[in-house]
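User: I am new to this structure and would like to learn how to read it. Can you take me through it feature by feature?

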Amino acid sequence: MDELLDALMGKIKDGTYPPGSQLPSGRALADAYDVSQSTISRAVARLRKQGVLVGRPGRGVFVAESARR
């Protein structure tokens, strides 16, 4: 899962997922990284706990405004 976290953080830092942007769906991320949706869920939960991502009920998961600092 560390590789997945590094990949997601890399995309946030390089601007692929800029602050305020919505992440692709869990299914799309699982397909893109060839991992299970539960692995994506765990990675997203860890990044949410770190304040990198924020959940918006009914809307999805977004990159926090402070994520690239």
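**Reading the model, one feature at a time**

Analyst: The face of α1 turned away from its buried side carries exposed residues: Asp2, Glu3, Asp6 and Lys13. Keep in mind that this is a predicted model.

User: Which residues of α1 are buried?

Analyst: Leu4, Leu5, Leu8, Met9 and Ile12 are buried in α1. They cover an arc of only 130° around the axis, so they sit on the same side of the helix.

User: What do the buried residues of α1 pack against?

Analyst: They pack against α2, α3, β1 and β2.

User: How does the end-to-end distance of α1 agree with its number of residues?

Analyst: Count 1.5 Å a residue. The 12 residues of α1 should then span 16 Å, and the end C-alpha atoms are 16 Å apart, which agrees. Just after α1, Gly15 takes a positive phi of about 90°.

User: Now the core. What is the general idea?

Analyst: In soluble globular proteins, nonpolar side chains tend to be buried together. Here the largest nonpolar core has 17 residues. Leu8, Ile12, Tyr17, Leu47, Val52, Leu53 and Val63 have the most contacts inside this core. Three helices, α1 (2–13), α2 (26–33) and α3 (37–49), each supply at least two of its residues. The largest share, 5 residues, comes from α1.

User: Take one core residue. What is Leu47 in contact with, leaving aside neighbours within four places in sequence?

Analyst: Leu47 is in contact with Leu5, Leu8, Met9, Val52 and Leu53.

User: Met9 is on that list. Is Met9 buried or exposed?

Analyst: Use the cut-off: buried means under 20% relative accessible area. Met9 has 18% relative accessibility, so this residue counts as buried. Met9 is in helix α1. Not counting residues up to four places away in sequence, Met9 touches Leu47 and Val52.

User: How far apart are Met9 and Ala67 in sequence and in space?

Analyst: Check both distances. Met9 and Ala67 are 58 residues apart in sequence, and their C-alpha atoms are 9.0 Å apart in space.

User: Next, the strands. How many bridges join β1 to β2?

Analyst: There are 4 bridges between β1 (residues 53–56) and β2 (residues 60–63), and the two strands run antiparallel. To follow one pairing, start at Val54: its bridge partner in β2 is Phe62.

User: What links the two strands?

Analyst: β1 and β2 form a hairpin, with 3 residues between them. Look at the turn: Gly58 there has a positive phi of about 80°.

User: Which residue other than glycine has a positive phi?

Analyst: Asp34 is one such residue, with phi near 55°. Asp34 lies in the loop between α2 and α3. Its relative accessible area is 71%, so Asp34 is exposed.

User: Let us try another loop. Where is Ser21?

Analyst: Ser21 is in the loop between α1 and α2. A loop position does not settle burial, so check the accessibility: at 18%, Ser21 counts as buried.

User: What does Ser21 touch, not counting residues up to four places away in sequence?

Analyst: Ser21 touches Val61, Phe62 and Val63. Look also for polar atoms. A polar atom of the Ser21 side chain lies 2.7 Å from the backbone oxygen of Pro18.

User: Let me put one thread together. Phe62 is the β2 bridge partner of Val54, and Phe62 is also touched by Ser21.

Analyst: Yes. Follow one residue through several features, and the picture builds up.

Key. Residues numbered from 1 in each chain as written. Predicted model: local features only at pLDDT ≥ 70, side-chain atom pairs only at ≥ 80, totals over all residues. Heavy atoms only, no water. Core = buried A, V, L, I, M, F, W, Y, C linked by side-chain atoms within 4.5 Å. Buried < 20%, exposed > 50% of the residue type's maximum accessible area, 1.4 Å probe, protein only. Contact = heavy atoms within 4.5 Å. Pairing = 2+ DSSP bridges. Expected span 1.5 Å × (residues − 1). Arc of directions from axis to C-beta. Polar contact = N/O pair within 3.5 Å; in protein donor to acceptor, adjacent residues only side chain to side chain.
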